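User: I'd like to go through this structure and ask how the labels get decided. Can you take me through the reasoning?

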Amino acid sequence: MDAPTTTPGENGMSGGDGWFAPRKTLPASPRDAGHAVHESPRVVAAPSPQHRSAPQHHGTAPEHGPAQRVAPGGEASADTVLIRRTMTEIGPIADKVTSYFYALLFIRRPDLRALFPPAMDTQRDRLLKALLTAAEHLDNTPVLVDYLRDLGRGHRKYGTLAEHYPAVGECLIGALSTYAPAVWSPEMEAAWVRAYTTMAQVMIDAAAADELRSPAWWHAEIVAHDLRTPDVAILTVRPDQPYSFLAGQYTSVETPWWPRVWRHYSFASAPRPDGLLTFHVKAVSAGWVSNALVRRARPGDVIRLGPPTGSMTVDHTTDSGLLCLGGGTGIAPIRALVEDVAERGARRPVEVFYGARTDRDLYDIDTLLRLQQSHPWLSVRAVVDQQARLRLPDALRDYGPWNEYDAYLSGPPGMIRSGIDTLRDIGIPSSRIRHDSLEELLVVGS
Ligand SMILES: NC(=O)C1=CN([C@@H]2O[C@H](COP(=O)(O)OP(=O)(O)OC[C@H]3O[C@@H](n4cnc5c(N)ncnc54)[C@H](O)[C@@H]3O)[C@@H](O)[C@H]2O)C=CC1
């Protein structure tokens, strides 16, 4: 059943003006943000241990959140239980559900096809990951609201408008109800409608607020292209308008050769007075964007950038040391963090472990060693797989103690996972470990 068989209005769904119609205007004050669709008072469940450590975004703390039907004592709310039941049901057939969802959407709203890339492979993955992430955090209001606000802001660059959300919601429910018939019921549908409507409103409000402050995207001219290894290039770009971000964050990049295909890259420098931005890009197999940026891009080419995002930033309210692990091109944001500490003039110890498979892959070691020479508080150690007794995260065990340090991890997802285990094992609490979202990393740099 891969082809859509429903037509608009089936599955109890109305047309574009149906029950998903969102409020399009900005709330009167920031305190009203996200409130419009709530019927019950705000109740925030205790964050799960896994997320208690999640660093806060640098913006204002979220005040309101979706999915307010939270049971007392931090148990999952009735809606969350229902929604997770659907997710369990569709998990094994997720590919089919997402294909069906997009087929429904493009049949009902052919005009929306132009917002998506010609090839939909990664896009399919992303929808599912966004859904799973939202479902996972449904009762964890601050985390979910942060996530949705980022998602709403990030969707501006695709040309997403408030009026698109009803169609997306209806097709999503159409796909879920078709592929989860065993668990689907009027209650299940009502839970999804409530959750989607509220989540969509948070995204719409975040996008509307962002529109008052920032462009939807920036054009940026490549001003330098430095091929450091046959596969790794360092690109320096000049945005056409001021671009403000924090060291440790990342953004999305679109090349002229693959329109509407966006990939994430971290800023490899702290904000500079000349406004230039730097990215480290490794060409990976089947990576359209990364291959274009490494092998095809030249000074003078113009790329597009989305807004900055990510919370792997330095907490300047403490003077704890920074323990930084950068694997491969994951060293990019670590270098930005080092520059950030240097610019503040703080004498906090910063210990960088730079992991690579071979000597040749340590493409940025010279810069880091130069920084080490001029900053006595900085120590840089290279861990090369071919020579090391221990792989990158395990190498930490030979040094320390690390109990006065905040840890920053950046690199391949496997390295981050084993890094988290090692750090916990050597006594660094989760609340002091920072890294980018693993979901995002799966498409970083491809
Ligand atoms: N370009 C950028 O701005 C950023 C890139 N990244 C991510 O960094 C990664 C860089 O890839 P490559 O340069 O090819 O790195 P790589 O695969 O060559 O590995 C770099 C280091 O990580 C270690 N490592 C890899 N897998 C491991 C595992 N499962 N357990 C323990 N250690 C492991 C290796 O031993 C090596 O020391 C990509 O996944 C990219 O998405 C992350 C943040 C920013």
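Analyst: Sure! Helices here are DSSP runs of H or I with at least four residues, and strands are runs of E with at least two. By that rule the chain has 13 helices and 11 strands. Keep in mind that this is a predicted model.

User: What makes threonine 88 count as buried or exposed?

Analyst: The cut-off for exposed is 12 or fewer other C-beta atoms within 10 Å. Threonine 88 has 12 such neighbours, so it counts as exposed. You'll find threonine 88 in helix α2, residues 78-90. Its C-alpha atom is 10.0 Å from that of leucine 132, which sits 44 residues away along the chain.

User: And how much of the chain is buried?

Analyst: Buried residues are 45% of the 446 in the chain. To get that label, a residue needs 20 or more other C-beta atoms within 10 Å of its own.

User: How do you know that β3 and β6 pair?

Analyst: Two strands pair if DSSP finds at least two bridges between them. Strand β3 (residues 250-254) and strand β6 (residues 302-305) have 2 bridges, in the antiparallel sense. Glutamate 254, for instance, has arginine 304 in β6 as its bridge partner.

User: What makes β4 and β5 edge strands?

Analyst: Look at the open sheet, with its order β4-β3-β6-β1-β2-β5 and antiparallel pairing. β4 (262-266) and β5 (277-282) each pair on one side only, and that makes them the edge strands. From one strand to the next, the twist averages 40°.

User: Which helix lies across β5?

Analyst: That's α8 (residues 288-296), which runs at about 110° to β5 and also lies across β2, β3 and β4.

Methods: Residues are numbered from 1 along each chain as its sequence is written. This is a predicted model: local features need pLDDT of at least 70, side-chain atom pairs count only at pLDDT 80 or more; totals for chains, interfaces and linings use all residues. Axes are lines fitted to C-alpha atoms, for helices over the stretch in contact, and angles run from 0 to 180 degrees between N-to-C directions. Two residues are in contact if their C-beta atoms, placed from the backbone, lie within 7 Å.
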